[in-house]
Amino acid sequence: MKHHHSTALRAGAIAGASLIALAGCSAGTQDPDAAAEAGGTLTVWAWEPTLEAVVEAYEAENEGVDIELVNAGTGNDQYTALQNAIQAGSGVPDIAQIEYFAVPQFAIADSLADISELGAADLDGTFAPGPWSAVSQGDAIVGMPMDSGPMAMFYNAEVFERLGVAVPETWEDYLQAARDLRAADPSVSITNDTGDAGLATSLMWQSGAEPFTVDGTTVGIDLEGDAARYAEIWQPMLDEDLFAPVSSWSDEWFAGMNDGTIASITTGAWMPANLESGAPDAAGDWRVAPMPQWEDGGAASAENGGSSLAVTAASEQAALAYDFLEYATTGDGVQLRLDAGAFPATTADLESQEFLDVEFEYFGGQQANQVFAESSANVVDGWSYLPYQVYANSIFNDTVGQAYVGDTTIVDGLAAWQEQIDAYGQEQGFTIE
Amino acid sequence: MTSTTRIRRAGAPRVAGLGFLAPFAIVFALVFLAPIAYALFLSLFADRLVGGVQFVGLDNFARILGDARFWSGVGNVVLFLLVQVPIMLFLSLLVALAIDSGRLHGAAFVRLSVFLPYAVPAVVATLMWGFMYGDRFGLVRSFNEILGTSIASPLAPDTVLAAIGNIVTWQFVGYNMLIFFAALRTVPTSLYEAAEIDGAGELRVITAIKLPAIRGALVIATIFSIIGSFQLFNEPSILRNLAPNAITSYFTPNIWAYELSFSGQQQGLAAAVAILMGILTAVIAYLVQLRGMRKEQR
């Protein structure tokens, strides 16, 4: 909590100084606090539900500032819209939510503003190392970590109990549990999947594989070795029809988690807020457990999703945008978001006893943050995404996804995926190893 | 002296004419010619993440034409054109003839209800159908539960094109019906009276009077439908969220152009796809028009 004080002190000092400075300059100021004082309108593209409260609180504190929070789609849909706007050179928001995997692609195209000069350069150590390294591109800082996504298994304990199935601790148990759940109740699936690049890469990450290696513009891709290990569990799941064939984030997905026909999901620690709003009827039934393991007694974990808030290069109000960013990711906004169920990227919060002791009503009073914090500490080192991961993910369903409709296997699909992202990388001028 | 006057006379009207033409010419150049020129320009360049923009000549076209994904997309829209368009136009014609026959009770109600789907925005209609197609929570599931059947969701790879065809047919039967119906209303009633005197039956009236009279409308509707088929985008693009494996990123040429442009940042390739599809559409539409008009002159 210390940095909150220092921010407030500095804000006060600068606000005083800015009164003098204001006489000289009005628009285009480089000082975030002065910009907030001067007011203005910001457009924020984000799908994170907890930001609503932050926007309201920020507007209440800064009366001259009007923030329009737009949900321009989730994940890839929003990136498409954002790239669309950037290409067109109009309608670009001032701030956009960008998941860590997508940051390099936007950064390499110079679509994001370097905010180190605006104050971000002083924030080293404020955030967990993983998220911080994801927003640091060379000397530039192109975003502020908003949350992080250490993975855990969210499961509907009521369903597991009712059907007499033990909660799996390893991936082998998981496969067996999937079979047992289905045998006990044909309408129940242990989880949903229609081919999700984010999940697949996180599973690779947890298993210790490093399919993508990036060194400047030299990129190594190997999806046929260790990376294919997750197919040992996923392929039998597909062969035996154990997945609910429902895409994540669809209405059917939320309906399935709500009515218990989707019994678990393995995903990032940012999930609780989405469960609360998307599956309200199942409140009290869900619990959180560590991610299933590849080795008995292991504790390996990975990140899934997690987003930064970035100022776009096209924004004409970078200073004001940065002021909001600071409020939302390091200031009072953090606590508002935590209260609403978000998962922090700030070290102070990750380590605070208050945070670890929070009892989640939705999870029947479970202190779920302890599971997440442990997962955060056990994220496997050495992972990196492609500098064009957004594109790679967009063709995941053309290749690996075909295994879900029976035309091929996951292993062959991975080989096809590799071939296409190899070709794209070469076309884009990268050296592929 | 006379010669200079003559020159001025000959020159002056020309300038005045250009002035009158200008409002149209400027708008035409800005909104029709400029985008095409820009697409042509884009199609000659490649913008790389590493290395930036480079002139590549006709390379983009060669790569698209040599890519199996392009032909797979073209194959889909051609199949769609060959199956969906005849079904849709036949249904439209049937409804138009039925309403025009004057023997239908509540003709105004039928006309309105058949046309109504056209008034629903394509995005909304597709979301609605997408939900109905769902076999876990949608209408297909309810259907299976009530009748004890086990119909799979039509959003599987083998049936998804037919599922899209169904949505498009539902949407556009009314629109084409109105075109046909409007054309049928222009047929002079004296022709029908003459046919009656000659003892022609209803079927004979249709084949000998009504169909030849609306040939122009049929050709127009067919051309619109060809263009619509080649531009198939909204429906598959929205259904992709529900069926990401059945609808690939190159399911139709338009979807592929979109993906190339906005997921892959390959505007040059996307422009090449757009231009190639534009040429293909124009050629086929022209052939249909040529054929339609030739018969009309006969």
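A polar contact, for these notes, is a pair of N or O atoms within 3.5 Å; within protein, one must be able to donate a hydrogen and the other to accept it, and residues adjacent in sequence count only if both atoms are side-chain atoms.

**Entry 1: ground rules**

I am working from a predicted model, in which local features need pLDDT of at least 70 and side-chain atom pairs count only at pLDDT 80 or more, while totals for chains, interfaces and linings use all residues. Residues are numbered from 1 along each chain as its sequence is written, chains are lettered from A and ligands numbered from 1 in the order in which they are written, and side-chain values use heavy atoms, with hydrogens and water left out.

**Entry 2: where chain B meets chain A**

I began with the polar contacts across the interface of chain B and chain A, and the rule finds 13 residue pairs, both residues at pLDDT 80 or more. I then looked up which elements of chain B take part: strand S1 (45-48), helix H12 (253-262) and helix H13 (267-297) each supply at least two residues of the side that touches chain A. Helices (H or I, at least four residues) and strands (E, at least two) are DSSP runs here, numbered from the N terminus. Of the elements, H12(B) gives the most to that side, with three residues.

I also sorted the residues of that side of chain B by type, and they divide into ten nonpolar, eleven polar and eight charged. For this sorting, Ala, Val, Leu, Ile, Met, Phe, Trp, Tyr, Cys and Pro count as nonpolar, Asp, Glu, Lys and Arg as charged, and the others, Gly among them, as polar.

Counting contacts (heavy atoms within 4.5 Å), I found 29 residues of chain B touching 37 residues of chain A. For the area I used buried area, the accessible area (1.4 Å probe) that two parts lose on being put together, summed over both. Chain B and chain A bury about 2,800 Å² between them, with 49% of it on carbon and sulfur atoms. On the chain B side, B:Leu49, B:Arg136 and B:Asn245 lose the most area to chain A, together 26% of what that side buries.

**Entry 3: salt bridges**

How many salt bridges cross the interface of chain B and chain A? I get one by the rule, which asks for a side-chain nitrogen of Lys or Arg within 4 Å of a carboxyl oxygen of Asp or Glu. The side chains of A:Glu427 and B:Arg63 meet in a salt bridge at 2.7 Å, N to O. Over all chains, the structure holds twelve salt bridges.

Next I followed A:Arg162. Its side chain meets that of A:Glu158 in a salt bridge at 3.7 Å, N to O. These two are separated by about one helical turn, because they sit four residues apart in helix H7 (residues 157-162) of chain A. I noted accessibility too, where buried means under 20% relative accessible area, exposed over 50% and partly exposed in between (1.4 Å probe, protein chains only). A:Glu158 is partly exposed at 36%, and A:Arg162 counts as partly exposed at 48%.

A:Asp185 also forms a salt bridge with A:Arg162, and the closest N and O atoms are 3.8 Å apart. A:Asp185 lies in the loop between helix H8 (171-184) and strand S8 (191-192) of chain A and A:Arg162 in helix H7, so the pair ties together parts that are 23 residues apart in sequence. A:Asp185 is buried, at 17% relative accessible area.

In chain B, I looked at B:Asp100 and B:Lys210, whose side chains meet in a salt bridge at 3.0 Å, N to O. This pair links distant parts of the chain, 110 residues apart: B:Asp100 is in helix H3 (residues 68-100) and B:Lys210 in helix H9 (residues 202-213). Both ends are buried by relative accessible area, B:Asp100 at 12% and B:Lys210 at 4%. Back in chain A, salt bridges that share partners join A:Glu158, A:Arg162 and A:Asp185 into one network.

**Entry 4: the two domains of chain A**

The domain assignment gives chain A a domain 1 (2-148 + 305-351) and a domain 2 (151-302 + 381-432); the bounds come from an automatic or database assignment. Their C-alpha centres lie 30 Å apart, and the contact takes 17 residues from domain 1 and 17 residues from domain 2.

The area buried between these domains is about 1,300 Å², of which carbon and sulfur atoms give 63%. A:Phe101, A:Gln105 and A:Gly341 supply 38% of what domain 1 buries against domain 2, more than any other three residues. I count zero salt bridges between the two domains.
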